[in-house]
There are 2 protein chains.
Amino acid sequence: MLAPGAEPDVALARRLFDELKRRTGDSKGVTRASYGQGEQIAHGIVRREAEALGLDIATDAACNLYMTYAGTTPGRATFIGSHLDSVPLGGNFDGAAGVLMGLSVIAGYRRAGMRAPRDVTLMAIRAEESTWFGASYIGSRAAFGRLTGRELDDVRRSDDRTGLGAAIDAAGGDTGRLRRNESYLDPSHIGVFIEPHIEQGPALVAQGKPVGIVTGIRGSFRFRDACCHGAYAHSGATPRAARKDAVRAVAALITALDSLWSDWEANGHDLTVTFGKISTDPAEHAFSKVAGRVDFSLDLRSQSPETLRRLQVQLMQTVADIETAHGVGFDLGAMTGSDPAEMHPAVIAGLETASVATESPAIRMPGGAGHDAAVFAQMGVPTGMLFVRNANGSHNPEEEMDIGDFAAAARVLSRFCLSPPDCGE
Amino acid sequence: MLAPGAEPDVALARRLFDELKRRTGDSKGVTRASYGQGEQIAHGIVRREAEALGLDIATDAACNLYMTYAGTTPGRATFIGSHLDSVPLGGNFDGAAGVLMGLSVIAGYRRAGMRAPRDVTLMAIRAEESTWFGASYIGSRAAFGRLTGRELDDVRRSDDRTGLGAAIDAAGGDTGRLRRNESYLDPSHIGVFIEPHIEQGPALVAQGKPVGIVTGIRGSFRFRDACCHGAYAHSGATPRAARKDAVRAVAALITALDSLWSDWEANGHDLTVTFGKISTDPAEHAFSKVAGRVDFSLDLRSQSPETLRRLQVQLMQTVADIETAHGVGFDLGAMTGSDPAEMHPAVIAGLETASVATESPAIRMPGGAGHDAAVFAQMGVPTGMLFVRNANGSHNPEEEMDIGDFAAAARVLSRFCLSPPDCGE
């Protein structure tokens, strides 16, 4: 059992979830665009609450927000961090749950008059949802001075084409400092980084467990703007052999990669294959025309760098085969992606110890989605993630996290921060 | 050799093709919406020329235009007909070539002071391109009083949602008469109906022949607004087995039907399978989301009613199998379609005789696309079609008909109308 004084202030989190939902809600769920209106509102709410709790407040050049509750002794800080943006028509818990969990843990300490041994810094990270700007981990990379000038200039928001640099400056940032690659965070000053997050898959629901401890984060490579070019032709008058049907060709690619996924998975390899977007050209397509063009996106992920490499080779071969068989041409466009990241063994063990001390022993599990935690791990910060059970996946309005599960994870986190592991300080 | 007096006035056709292209051109090709601006312009041009040739002009309640050059003796008229509308961003020749061929044949007779034995009525038919109103053969069915009140009320233009009835009235028609199913045309008064049309497939180009004589027209069934419902989910965090991926399911359907097409064709069956439109939902899709919804269209055609029946059964079975395998639901929506139609043997023979008498003997060939000629055949009118060689298919701006091939077909038509076959008058 935890000391009563470390009981997290879940009522605070509940109130803020409600306010977020109300103030960033859209027709179906919530929309908190990276560096857009919804994210600004969310940062304002969290900052206001942190000020009310008397935390030390700071921001960096990319508008990441740092809220620190001083510890009892000097040394490397314990970081709790997650993001406050969401996908369009997304759910209220993805990202926000991690930040509100940090707030409720700190509020719990404060209510009990307790301090952790080290500073606890809650970080509200910017722009994690790459659906807006098409680049991964913008906020956390910026905090380490690893956003490039090319990204600031060339990357544009997918809907209104705002440039990333312009959006950061408009939100109150300072792209001058980012361009000089000034690092706000020094990895050697961070003892441990923990990102609490709702689970975005169905594993905890399936196993009846409220809390998961992540062992590693999948890396990925993506083609966000891929295209297949064929030739428009009459649907009734063009024989099968004479067609250059872009729909049939892309369907063949989807089916081939699905079959590859099934085979590799059966052989024990970790991967996911997702064609999330597909469309014929609304200006030219017709039900009575063979389609001359299909645009699509492709997202491939794995925990294994080797699997990602092999996937890439296999994809190129499959594309070439389909081009020959169907008389079409593929233009996959720019490839983006991220490397897989391992969570730190001592952090995993520390979270496990903390969870055993609560009434909700957690299970270990892989992390399928990308998270800012991957950046901290790659920067050499001892990093861990806590997953909270959540039904119906994430990135959609039907996300369903029980506040009781949130409380269970918050208790694990509260306990953990009271005795953070020594990872070689 | 034809008598010199029957040489068609191809210069007239060339001039009108140019005017049509100029006045109904869009950014890439031509757009002549059914009962829309482009079709109205085209009807105005053709009517003006018919008046200049001194033809008897009439219109029916659906705005079909009839232009008659009186024959020498009473009896059933010889009809030449085609449509003047086009698909969006379509080509200048699909449809219009048939009407302008009729005009050039009549103008040739008039220039030579000749008359055919029977009245020659050129019919400019409305609304053949079902991409606009999603219903087949609107103009020709209306001429026979076979448009339903439900169609007039419920069918809407795919882009601006104008109702069909409202569009007909706005173009100068009289939906009151259409609702009473008044038939403007009496099949027993038509001796023969000929629809000249560019070939929409590559057969004449491949065989090096300028003119084809159609033996039959493919029938079809279509699902213009089909949908597959799955569940949106995170692309990295949702395992393969837990997905309800609408993209993967529709790709499986496309691939399965393509494979069926290949098998059936190898066994000598005539069919085409086309998924012309496909799209995830732009408001909800993302490259990092498993797609919860895909909209698509499906167009299946065959010259054989039996093949169409078997296809339908096979489609439903395949859909059910994919629903089970992928955890998705299909809603194929309303099914529309048309019956296959045979061209009249005496008309085919008459066209062949006429073609042999010219320097361009024609070949017999199946007609893959739907045409108004199918309606006349189904109404019991002895019907035939002439195809003109055309590169790059139709329904696109790259249609490429050589005016010399047009002239060759016009000579066949001119010769044919001078001695139309007796099909049992």
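**Exercise 1. Place Ala373(B) in the predicted model and state which residues it contacts.**

Solution. Step 1: Ala373(B) belongs to helix α13 of chain B, residues 373–378. Helices here are DSSP runs of H or I with at least four residues, strands are runs of E with at least two, and both are numbered from the N terminus.

Step 2: The relative accessibility of Ala373(B) is 0%, so Ala373(B) counts as buried. Buried means under 20% relative accessible area, exposed means over 50%, and partly exposed lies in between, with a 1.4 Å probe and protein chains only.

Step 3: With neighbours within four places in sequence left aside, Ala373(B) is in contact with Phe193(B), Glu195(B), Ile217(B), Met343(B), Thr383(B) and Met385(B). Contact means heavy atoms within 4.5 Å.

Step 4: Glu342(B) is 31 residues from Ala373(B) along the chain, and their C-alpha atoms are separated by 9.7 Å.

A note on conventions: residues are numbered from 1 along each chain as its sequence is written, and chains are lettered from A and ligands numbered from 1 in the order in which they are written. This is a predicted model, where local features need pLDDT of at least 70, side-chain atom pairs count only at pLDDT 80 or more, and totals for chains, interfaces and linings use all residues, while side-chain values use heavy atoms, with hydrogens and water left out.

**Exercise 2. Check the length of helix α11(A) and describe its buried side.**

Solution. Step 1: α11(A) has 22 residues, 305–326, and should span 32 Å at 1.5 Å a residue. The expected span is 1.5 Å times one less than the number of residues. The end C-alpha atoms of α11(A) are 31 Å apart, which agrees.

Step 2: The buried residues of α11(A) are Thr307(A), Leu308(A), Leu311(A), Leu315(A), Thr318(A), Val319(A), Ile322(A) and His326(A). They cover an arc of only 105 degrees around the axis, which puts them on the same side of α11(A). The arc is that of the directions from the helix axis to the C-beta atoms.

Step 3: An α-helix has 3.6 residues a turn, so residues three or four places apart point the same way.

Step 4: The face turned away from the buried side of α11(A) carries the exposed residues Arg309(A), Val313(A) and Thr324(A).

Step 5: The buried residues of α11(A) pack against several elements of chain A, including β7 (219–229) and β12 (293–302), and also against α10 (246–266) of chain B.

Step 6: At the start of α11(A), a side-chain oxygen of Ser304(A) comes within 3.2 Å of the backbone nitrogen of Glu306(A). After the helix comes Gly327(A), with a positive phi near 65 degrees.

**Exercise 3. Compare the expected and actual span of α14(B), then find its N-terminal cap.**

Solution. Step 1: α14(B), residues 403–418, has 16 residues; it reaches 22 Å from first to last C-alpha, close to the 22 Å expected.

Step 2: Its buried residues include Asp405(B), Phe406(B), Leu413(B) and Cys417(B).

Step 3: Asp402(B) is the cap, with a side-chain oxygen 2.7 Å from the backbone nitrogen of Gly404(B).

Step 4: In chain A, Asp405(A) lies in helix α14. Asp405(A) is buried, with a relative accessible area of 10%. Beyond its neighbours within four places in sequence, Asp405(A) contacts Pro210(A), Val211(A), Val388(A) and Arg389(A).

**Exercise 4. Describe the setting of Asn390(A).**

Solution. Step 1: Asn390(A) is in the loop between β17 (383–388) and α14 of chain A.

Step 2: Asn390(A) is buried, at a relative accessible area of 1%.

Step 3: The side chain of Asn390(A) reaches the backbone nitrogen of Glu400(A) at 2.9 Å. Among the residues that Asn390(A) touches, not counting those up to four places away in sequence, are Ile198(A), Gly201(A) and Met401(A).

**Exercise 5. Explain the disulfide count, using Cys228(A) and Cys423(B).**

Solution. Step 1: The structure holds 0 disulfides over all chains. A disulfide is a pair of cysteine sulfur atoms within 2.5 Å.

Step 2: The closest cysteine sulfur to that of Cys228(A) is in Cys227(A), 7.0 Å away, too far for a bond. Cys228(A) counts as buried, at 0% relative accessibility.

Step 3: For Cys423(B), the closest cysteine sulfur is in Cys417(B), 13 Å away, again too far for a bond.

**Exercise 6. State how chains A and B are related.**

Solution. Step 1: A rotation of 179 degrees, with 0.1 Å of shift along its axis, superposes chain B on chain A with an RMSD of 0.1 Å. That is the relation of a two-fold axis. Copies are superposed by least squares on the C-alpha atoms of residues with pLDDT of at least 70 in both.

Step 2: 100% of the interface residues of chain B are also interface residues in chain A, so the copies meet through the same surface.

Conventions. A polar contact is a pair of N or O atoms within 3.5 Å; within protein, one must be able to donate a hydrogen and the other to accept it, and residues adjacent in sequence count only if both atoms are side-chain atoms.
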